[in-house]
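Colleague: Please take me through the loops of this model, slowly, as I am new to this. Once we have seen them, show me what surrounds them.

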Amino acid sequence: MRILLKASFVVGHDGDDHVIHRDGCVVLEGDEIVHAGGPYDGEADEVIDAGHALIGPGFIDLDALADIDHAILDTWHADSSGLAWSDDYALHRRQAVFPLEETLFMREYALTQLIRNGITTAMPIAAETHSAWAESYEEFAGVAEIAGRLGLRMYLGPSYRSGVPMTGGRVHWEPENGERGLADAVRFVKDFDGAYGGRLRGALLPCRIETLTPELLRATARAAEELDCLVRLHCMQSPREAGLLGRQPIEVLEDSGLLNHRLIVPHARYIEPHDVPRLAAIAGIAHCPLTSVRYGDALHDFDSYRAAGVTVALGTDSFPPDMIRNMDYGNNLAKLVTGRLDAGAAADYYRAATLGGARALGRDDLGRLAPGAKADLIIVDLSGPRTGPVDDPIRTLLMNCSGADVTTVVIDGRVVMRDRVVPGAEGLRERAQAYFDRMKAAYSARDHLRREPDTLFPPSFRTSTA
């Protein structure tokens with residue numbers, strides 16, 4: 001089947017970089033792009049005329065939303081100690097908050113949010129806060145089925161860890177849980193890599209570096225080499241890491257055998273400037289500006305990483321997973337930390353959300369609209385009255401739009417969202433609200449003071465029922 005898409009702006013690729021085509025066309029046949037650029041006068045089985053809109057490659061999110069609460073409940077507390085596990089809970093009372101069926105509902109809701117925001121390729125963040133320890137093989141077998149049904153392109157694997165952060169900034173260790181978790185993660189990669197027509201790829205996705213023993217880090221490096229798969233490891237995201245590890249995270253990575261072309265590092269903010277060029281040896285970093293600023297932080301600085309040869313990709317790492325807002329925050333934070341108006345150019349952030357992610361994944365068939373590339377694309381409406389006049393379409397995208405302006409998403413040649421409708425996702429929001437309320441209430445059981453939810457999460461203003 002041949003699909004022709006038209007719009008006032010098409011972000012094509014000339015083999016070297018993105019190129020804007022005015023009144024452009026994109027033609028898809030099967031799961032590939034056969035034309036991306038100017039007018040097309042051939043035949044097509046279906047024509048989608050997007051009008052005053054931008055057609056571009058789908059966004060690649062390497063620290064993608066996998067739950068419905070990340071960076072919502074813990075980014076505004078002066079003291080967030082009540083959100084960590086207490087000793088009593090970790091040692092005597094821990095359990096999964098939700099049964100598998102409800103956890104999978106949360107995952108499905110989260111994955112539909114990725115699609116709604118124009119994310120076509122995703123590597124999910126760990127969401128083990130409400131688990132008995134970390135994610136499980138069974139859970140991610142369910143996630144694989146959901147991703148396959150929705151049509152997402154994903155790099156998947158259950159999280160694992162040797163220790164869990166506790167109240168007071170300590171880590172409680174149970175190394176045997178980490179060993180079992182890695183074994184399950186390896187089994188998942190073997191079972192699901194290449195599933196759903198190749199849209200699903202296996203990856204090793206352990207938790208934060210300070211929750212893994214040196215032995216588990218080395219075992220992860222060996223497993224990744226044997227499986228020839230990617231590893232993503234959160235590190236260099238906190239000044240506390242070095243204290244917990246006893247040395248700088250990059251030294252730990254090097255000694256473990258992980259500092260190589262298979263490694264993706266979300267955040268990578270806390271690293272000495274002279275060490276930044278060492279990150280050029282890894283697959284890339286997943287820069288998450290929206291989440292960083294919610295935690296009162298920023299990358300120092302975006303342009304210097306790129307100048308050092310580091311592959312910079314993006315991750316949303318928060319709810320909602322709005323990649324457009326993410327790019328805009330990054331663009332503005334780059335100006336703030338450097339004092340330069342030309343820092344963190346809109347074009348460079350757009351490259352990071354597309355080409356940078358593709359490069360980190362080792363994929364030259366993603367992140368671009370060009371003949372032979374995978375048919376992954378999005379349409380962003382520019383005709384709404386709130387968008388205003390279009391200056392440059394990329395700068396307008398960042399400054400005037402949001403994920404809510406994404407109207408259509410195509411992955412692997414299949415339309416997975418049309419006119420803002422994801423098939424089968426009707427009514428999920430109401431169920432998600434009930435889930436969210438129960439999830440908030442569960443924090444009380446883990447709190448070292450057993451405080452009620454209204455005390456842990458007070459409203460912005462006094463709430464009246466009158």
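**A walk through the loops and their surroundings**

Modeller: Tyr196 is found in the loop between α4 (175-192) and β11 (200-204). Those labels come from DSSP runs numbered from the N terminus: helices are H or I runs of at least four residues, and strands are E runs of at least two. Before we go on, please keep in mind that this is a predicted model, in which local features need pLDDT of at least 70 and side-chain atom pairs count only at pLDDT 80 or more, while totals for chains, interfaces and linings use all residues. Residues are numbered from 1 along each chain as its sequence is written, and side-chain values use heavy atoms, with hydrogens and water left out.

Back to our loop. Tyr196 is not a glycine, yet its phi is positive, about 55 degrees. Is Tyr196 buried or exposed? Tyr196 falls in between: it is partly exposed, with a relative accessible area of 36%. Here buried means under 20% relative accessible area, exposed means over 50%, and partly exposed lies in between, using a 1.4 Å probe and protein chains only.

Next comes Arg420, in the loop between β18 (414-417) and α13 (428-441). Arg420 has a positive phi of about 70 degrees although it is not a glycine, and with a relative accessible area of 38% it is partly exposed.

Thr213 sits in the loop between β11 and α5 (214-227). This threonine is buried, at a relative accessible area of 13%. Setting aside residues up to four places away in sequence, Thr213 touches Ser162, Trp173 and Pro175, where contact means heavy atoms within 4.5 Å.

Some loops hold a cis peptide bond. Where is Asp301? Asp301 lies in the loop between α8 (289-294) and α9 (302-307), and the peptide bond leading to it from His300 is cis, with omega near -20 degrees. Pro320 has its place in the loop between β15 (312-314) and α10; a cis peptide bond joins Phe319 to Pro320, and its omega is about -5 degrees.

Now let us look around the loops, starting with a strand. Arg232 lies in strand β12 (residues 230-232). Arg232 counts as buried because its relative accessible area is 0%. What meets its side chain? The backbone oxygen of Pro124 lies 2.7 Å from a polar atom of the Arg232 side chain, and the backbone oxygen of Met123 is 3.1 Å from a polar atom of that side chain. These are polar contacts: pairs of N or O atoms within 3.5 Å where, within protein, one must be able to donate a hydrogen and the other to accept it, and residues adjacent in sequence count only if both atoms are side-chain atoms. Beyond four places in sequence, the residues touching Arg232 include Leu62, Asp63, Leu204, Leu205 and Ile264.

Cys207 is buried, with a relative accessible area of 5%. A disulfide is a covalent bond between the sulfur atoms of two cysteines. The rule used here asks for a pair of cysteine sulfur atoms within 2.5 Å, and by it the count comes to 0 disulfides. For Cys207, the closest cysteine sulfur is in Cys235, 13 Å away, so it is too far for a bond. Cys25 is buried as well, at 6% relative accessible area.

Let us finish with helices. Arg351 belongs to helix α11 (residues 346-361) and is partly exposed, at 27% relative accessible area. Outside its neighbours within four places in sequence, Arg351 is in contact with Asp17, His18, Arg306 and Gly356. Its C-alpha atom is separated by 8.4 Å from that of Gly367, which comes 16 residues apart along the chain.

Helix α12 (residues 393-400) has the buried residues Pro393, Ile394, Thr396, Leu397 and Leu398. They pack against several elements, including β1 (2-13), β2 (18-29), α10 (323-338) and α11. At the N-terminal end of α12, Asp392 acts as a cap: one of its side-chain oxygens lies 3.0 Å from the backbone nitrogen of Ile394.
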